[in-house]
Amino acid sequence: MAWTTVLLRVAECGGRVARLAGDLCGHLGLPLLWRAPKTEGCGVRGQVVLPPPGGTFIEGRAAGLAPVTVAYERQGTGEPVVLLHGLGCQRQAWDPVVPLLTGHREIVAMDLPGFGWSPDLDPGVPRDLETAAAWLGSVFTALHVDRPHVVGHSLGGLIALHLGQAGLVRSVTALAPAGFWTAAERRYAYAMLTAAHNGVRLLPDAVLERLPHTAVARAALTGTLYGDPDLCPPEWVTMVLRALRDSAAFKATLRAGRAPNLFTGDIPDIPVTVAWGTRDRLLPPWQADRLRAMIPPARLVPLYGCGHVPMLDAPDLVARVILQATEPPHEAAASNPAPAGTDAP
């Protein structure tokens, strides 16, 4: 609970903390914008920079539903892969991984409604997972993407699994998908997320800009989400906090997540890969066993040393998992991947 405690205490202090943070940054000469250092090879961690605002928007029209508009970015060539982020996040959560994929796949990263730059759902659109699969299917149609591969993280992972059940995708890759918790585990995760959301909403902009530049605060703010907080550049932390603060659909999505049996049944005839950080403190990795019991053919990949958001902890590893899970059939046969159910990445 360290990072949520910090947020709440900072919020209580308000402007005094902002002045102290500003003074500290001034004395230390800390930059306002982090810039990528030169790296060798494909050191993607060194390439994470603040993204420009906005994006391209597209509207999906599912039968019987009001139109749904989402912001997205599309790049690369090859098999189409759609990336879905987690609760309180935005499409830029995938930025460390995308450069490793675009030379091999066509990547569509989107903001779910009410997160990032996507407007929230029309009040008449239900927030259940079956409806989400329906309007996402209409977005795929609008994008002229026929049954893409879908990769989802946390909330996005749960949605991806429902897209698989609906037969709307070629494959499903779920990173620490939500919904496979006990009642006690859900209450714990909700308490963490709610405290973080409530606390960050009270933070002045000056604090959001400057607080993550201190090593102690950065470790406290990110320790629950990442396996190694030292890998988080200060501006990455600021971006994460802003995305959490500005998530219009945060509370409504949490309420919808209290429904029982968020996922039941199997996903026949579609490859499913489940990857879970071994140091996930928000959704513990043993929850993967419950998913595996429902979908026995699913391939389970442990992400060693990763926390709940493995895209920054180990972008190279996450990219390898995605590339293998989304291989075209002829490439998959040629590479002779490990059988379903094994742990090899």
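What share of the contacts in the protein with a separation of 6 or more comes from residues 24 or more positions apart? I looked this up before anything else, and the figure is 75%. I note here that the model is predicted.

**Entry 1. Overview**

I recorded the elements of the protein: 13 helices and eight strands. I then turned to burial and found that buried residues make up 56% of the 345 residues.

**Entry 2. Helices α5 and α8**

I looked up how helix α5, residues 183-201, packs with helix α8, residues 234-245. The angle is about 95°, and the axes lie 9 Å apart. I therefore describe α5 as roughly perpendicular to α8, since angles of 65 to 115 degrees count as such.

I next asked which residues of the two helices meet. From α5 I listed Ala 196, His 197, Val 200 and Arg 201. From α8 I listed Leu 241, Leu 244 and Arg 245. Sorted by class, this contact of α5 with α8 holds four nonpolar residues, one polar residue and two charged residues.

**Entry 3. Ser 171**

Where does Ser 171 lie? I found Ser 171 in the loop between α4 (155-165) and β6 (172-175). Is Ser 171 buried or exposed? Its relative accessibility is 2%, so I entered Ser 171 as buried, the limit for that class being under 20%.

I then looked up the surroundings of Ser 171. Its side chain makes a polar contact with the side chain of His 149, at 2.6 Å. Setting aside neighbours within four places in sequence, I noted that Ser 171 is in contact with Pro 148, His 149 and Val 150, with Ile 270 and Pro 271, and with Ala 325 and Thr 326.

**Entry 4. Salt bridges**

How many salt bridges does the count come to? The count is 10, and I examined some of them individually.

I began with Arg 91 and Glu 73, whose side chains meet in a salt bridge of 2.8 Å, N to O. Arg 91 is in the loop between β3 (79-84) and β4 (105-110), whereas Glu 73 is in strand β2 (residues 68-76), so this pair ties together parts that are 18 residues apart in sequence. Arg 91 counts as buried, at 2% relative accessibility. Glu 73, by contrast, is partly exposed, with a relative accessible area of 31%. I also noted that Glu 73 and Arg 91 belong with Asp 111 to a network of salt bridges.

I moved on to Arg 74, which forms a salt bridge with Glu 106; the closest N and O atoms are 2.7 Å apart. Because Arg 74 lies in strand β2 and Glu 106 in strand β4, the pair ties together parts that are 32 residues apart in sequence. I entered Arg 74 as partly exposed, at 35% relative accessibility.

My last pair was Arg 290 and Glu 185, a salt bridge in which the closest N and O atoms are 2.6 Å apart. Why does this pair tie together parts that are 105 residues apart in sequence? The reason is that Arg 290 lies in helix α10 (residues 287-294) and Glu 185 in helix α5. Arg 290 counts as partly exposed, at 29% relative accessibility, while Glu 185 counts as buried, at 15%.

**Entry 5. Review**

I closed by returning to helix α5. This helix packs with α8, and it also holds Glu 185, which is paired with Arg 290 of α10.

Notes:
Residues numbered from 1 in each chain as written. Predicted model: local features only at pLDDT ≥ 70, side-chain atom pairs only at ≥ 80, totals over all residues. Heavy atoms only, no water. Axes fitted to C-alpha atoms, helices over the stretch in contact; angles between N-to-C directions. Helix = DSSP H or I, 4+ residues; strand = E, 2+ residues; numbered from the N terminus. Parallel < 35°, antiparallel > 145°, perpendicular 65-115°, else oblique. Contact = heavy atoms within 4.5 Å. Nonpolar A, V, L, I, M, F, W, Y, C, P; charged D, E, K, R; others polar. Buried < 20%, exposed > 50% of the residue type's maximum accessible area, 1.4 Å probe, protein only. Polar contact = N/O pair within 3.5 Å; in protein donor to acceptor, adjacent residues only side chain to side chain. Salt bridge = Lys/Arg side-chain N within 4 Å of Asp/Glu carboxyl O.
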